[in-house]
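Here's a quick briefing to read with the model open beside you. Have the sequence handy too, since the notes below hop around in it.

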Amino acid sequence: MSLFALLFALLFALLFALLACVHSPRDPGPRSHLYTTEMTIAASPDEVWAVLVDFDAYEEWNPMVPGASGSPIVGERLRVKVILDGEERDFTHVVTLVDEPNRFCWRDAGPQTTVAFGQRCRTLTAVPEGTHYEVELLIVGAMKGTVDRRYGAMMQSKIEDEATALKTHVEAD
């Protein structure tokens, strides 16, 4: 094998590994902070899933994300409006996992990810009462401590509010 072919193969392998990381959810670790909440929703996972991936309808029920657009396809860029400190801010997220109707994840895609990477995963599990719903907001990076001090209590409260709003919305239909 020529040196050129070997270098090309190594470059291709590295690129493939990087792309796999971009579109794979990260697991919590010792250098991350995880905000989480869970509850039971009296509806099937398919019914809850339909609401979670209908981004255009988020403004009807979601107090933390009052606007979103895009498609639930791995690699798809989502435009998301988020309420932080009482202000509406625009963010871009990338879908990293779609396992219908079980799990859906997206991650931050803006310049802030160089210092504080955020990822949100929602997991749906069928239970006799309907759906066990869990949401995890993972923060990783050099500024995770600052993010936690400045926004941590608010983010925890918001994901709890969002889960309650989802439950109320789905169960009302």
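What follows goes from the whole chain to the pocket, then to single residues.

This is a predicted model, where local features need pLDDT of at least 70, side-chain atom pairs count only at pLDDT 80 or more, and totals for chains, interfaces and linings use all residues. Residues are numbered from 1 along each chain as its sequence is written, and side-chain values use heavy atoms, with hydrogens and water left out. The protein has four helices and seven strands; these are DSSP runs numbered from the N terminus, with H or I and at least four residues for a helix, E and at least two for a strand.

**Overall picture**

- Reading from the N terminus, the order of elements is α-β-α-α-β-β-β-β-β-β-α.
- Out of 173 residues, 39% count as buried; that label means under 20% relative accessible area, with exposed being over 50% and partly exposed in between (1.4 Å probe, protein chains only).
- The accessible surface adds up to about 9,500 Å², and carbon and sulfur atoms hold 58% of that (Shrake-Rupley method with a 1.4 Å probe; for residues, only the protein chains shown count as cover).
- Take the contacts between residues at least 6 apart in sequence: 53% of them join residues at least 24 apart. Contact here means heavy atoms within 4.5 Å.

**The largest pocket**

- How much space lies in the largest pocket? It's about 500 Å³, a volume being the space filled by probe spheres set on grid points that are joined across faces, edges and corners.
- A pocket is an open set of points on a 1 Å grid over the protein atoms alone, where a 1.4 Å probe fits and protein lies on both sides within 12 Å along at least five of seven lines; lining residues have an atom within 4 Å of a point.
- There are 24 lining residues, and Leu-84, Phe-91, Asp-108, Ile-139 and Met-155 are the ones nearest the centre of the pocket.
- Two or more lining residues come from each of strand S3 (77-84), strand S4 (87-99), strand S5 (103-108), strand S6 (117-127), strand S7 (130-140) and helix H4 (144-172).
- H4 gives the largest share of the lining, five residues.
- By type, the lining splits into 14 nonpolar, five polar and five charged residues (Ala, Val, Leu, Ile, Met, Phe, Trp, Tyr, Cys and Pro count as nonpolar, Asp, Glu, Lys and Arg as charged, and the others, Gly among them, as polar).

**Helix H2**

- In H2 (residues 45-52), the buried residues are Pro-45, Val-48, Trp-49, Val-51 and Leu-52.
- They sit on the same side of H2, because they cover an arc of only 160 degrees around the axis (the arc is taken from the directions from the helix axis to the C-beta atoms).
- As background, an α-helix has 3.6 residues a turn, so residues three or four places apart point the same way.

**Along strand S1**

The contact lists in this group and the next leave out neighbours within four places in sequence.

- Ser-32 is in strand S1 (residues 32-41). Ser-32 is buried at 14% relative accessible area, and its contacts are Leu-138, Ile-139, Val-140 and Lys-144.
- Leu-34, also in S1, is partly exposed at 32%. Leu-34 and Leu-138 are 104 residues apart in sequence, yet their C-alpha atoms are 4.6 Å apart; the contacts of Leu-34 are Pro-28, Glu-136, Leu-137 and Leu-138.
- Thr-37 lies in S1 and counts as buried at 13% relative accessibility. Among the residues that Thr-37 touches are Tyr-133, Val-135, Gln-156 and Ile-159.
- Is Ile-41 buried or exposed? This S1 residue is buried, with a relative accessible area of 0%. Ile-41 touches residues including Val-48, Tyr-133, Leu-166 and Val-170, and its C-alpha is 6.9 Å from that of Tyr-133, 92 residues away in sequence.

**Strand S4 and the loop after it**

- Val-98 is in S4 and is partly exposed at 28% relative accessible area. Its contacts are Trp-49, Pro-72, Ile-73, Val-74, Arg-103 and Phe-104.
- A cis peptide bond joins Glu-100 and Pro-101, with omega about -10 degrees. Pro-101 lies in the loop between S4 and S5.
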